[in-house]
Amino acid sequence: MRTKPTKDELAAAYGKTIDDVIAPDLDVLFCGINPGLYSGALGLHFARPGNRFWPALYRGGFTPRLLDPSEQDELPGLGLGITNVVARTTARADELTPEEFCEGGRLLTARVAEYRPRWLAVVGITAFRTAFGLPKAKIGPQDGEITRARVWVLPNPSGLNAHWTPAALGDEFGRLHAEVHSE
């Protein structure tokens, strides 16, 4: 289980990266915007206690139980992985530049080509729009593919995204789960 990072550990996490949780031929590669300082300090994806990624993953049917971020290495065994559009940690996503998002989109495309997931699920509509130059993209399945991976955009699971309740997030993750397992 995680421990809460100190102020010094949070400050030291600025600009760090977190290893992807990835393997070839996954069912779904989830892609966050970028790691926050809390995640960077712990070296775990979606680690901040208020982040709703792990509950949404469970509510959506992807995991048999609610996983703790410290259990992220169990995901490939379930056909799932995690990466980010931009690798470096920041206190807030608005610290990232449009250029970083565009470069992140290019790097993400290369990762998808290398690892060949069936689906790429980007959690964060603004990050997706910016990284791939698709300003009118909406939540849900996208037209087209990224190197043969189908694409679904999910809402940002941050606790700051009050437009999406935990139940609604779970429902949206569930829509993706149903589509992934209907093939």
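Which helix supplies the largest share of the lining of the largest pocket? In this predicted model, that part goes to helix α2, residues 37–42, with three residues. The pocket itself holds about 670 Å³ of space. It is lined by 28 residues, and the ones closest to its centre are N34, G36, N51, A91 and S158. Sorted by character, the lining has twelve nonpolar residues, 13 polar ones and three charged ones. As for how such spaces turn up at all, rolling a probe the size of a water molecule over the atoms shows where empty space is left.

The second largest pocket comes in at about 240 Å³. Its lining is made up of 14 residues, with I33, A93, T126, A127 and N156 nearest the centre. Here helix α5, residues 125–132, gives the largest share, namely four residues. Eight of the lining residues are nonpolar, five are polar and one is charged.

Next come the nonpolar cores. In soluble globular proteins, nonpolar side chains tend to be buried together. The largest nonpolar core in this model counts 22 residues, and V28, F30, F173 and L176 have the most contacts inside it. Several elements feed into this core with at least two residues each: strands β1 (28–32), β2, β3 (119–123) and β5 (149–154), plus helices α3 (53–59) and α6 (166–180). Apart from this core lies another one, of 21 residues, with L96, L120, A127 and V151 among them. Back in the largest core, L176 is a handy residue to click on. Leaving out its neighbours within four places in sequence, L176 is in contact with V28, F30, F62, W119, A121, W152 and L154.

Now for a polar residue in a strand: N84 sits in β2, which covers residues 80–84. Is N84 buried or exposed? N84 counts as buried because its relative accessible area is 8%, and the cut-off for buried is under 20%. Its side chain makes a polar contact of 3.5 Å with the side chain of H45. Not counting residues up to four places away in sequence, N84 touches D20, C31, G32, I33, N34, P35, H45 and R111.

One of those partners, D20, belongs to the loop between α1 (7–12) and β1. With a relative accessible area of 31%, D20 is partly exposed, since that label covers values between 20% and 50%. The side chains of D20 and T83 are joined by a polar contact of 2.8 Å. Beyond residues up to four places away in sequence, D20 touches H45, I82, T83, N84 and R111. Then there is L44, which is 24 residues from D20 in sequence, with 9.4 Å between their C-alpha atoms.

Finally, W164 is found in another loop, the one between β5 and α6. Why does W164 count as partly exposed? The reason is its relative accessibility of 23%, which falls in the range from 20% to 50%. With residues up to four places away in sequence set aside, W164 touches R52, I139, P155, L169 and E172. R106 lies 58 residues from W164 along the chain, and their C-alpha atoms are separated by 28 Å.

Methods
Residues are numbered from 1 along each chain as its sequence is written. This is a predicted model: local features need pLDDT of at least 70, side-chain atom pairs count only at pLDDT 80 or more; totals for chains, interfaces and linings use all residues. Side-chain values use heavy atoms; hydrogens and water are left out. Buried means under 20% relative accessible area, exposed over 50%, partly exposed in between (1.4 Å probe, protein chains only). A polar contact is a pair of N or O atoms within 3.5 Å; within protein, one must be able to donate a hydrogen and the other to accept it, and residues adjacent in sequence count only if both atoms are side-chain atoms. Contact means heavy atoms within 4.5 Å. A nonpolar core is a set of buried Ala, Val, Leu, Ile, Met, Phe, Trp, Tyr and Cys residues joined through side-chain atoms within 4.5 Å. On a 1 Å grid over the protein atoms alone, a cavity is a set of points where a 1.4 Å probe fits but cannot get out, and a pocket is an open set with protein on both sides within 12 Å along at least five of seven lines; lining residues have an atom within 4 Å of a point. Grid points are joined across faces, edges and corners, and a volume is the space filled by probe spheres set on the points. Ala, Val, Leu, Ile, Met, Phe, Trp, Tyr, Cys and Pro count as nonpolar, Asp, Glu, Lys and Arg as charged, and the others, Gly among them, as polar.
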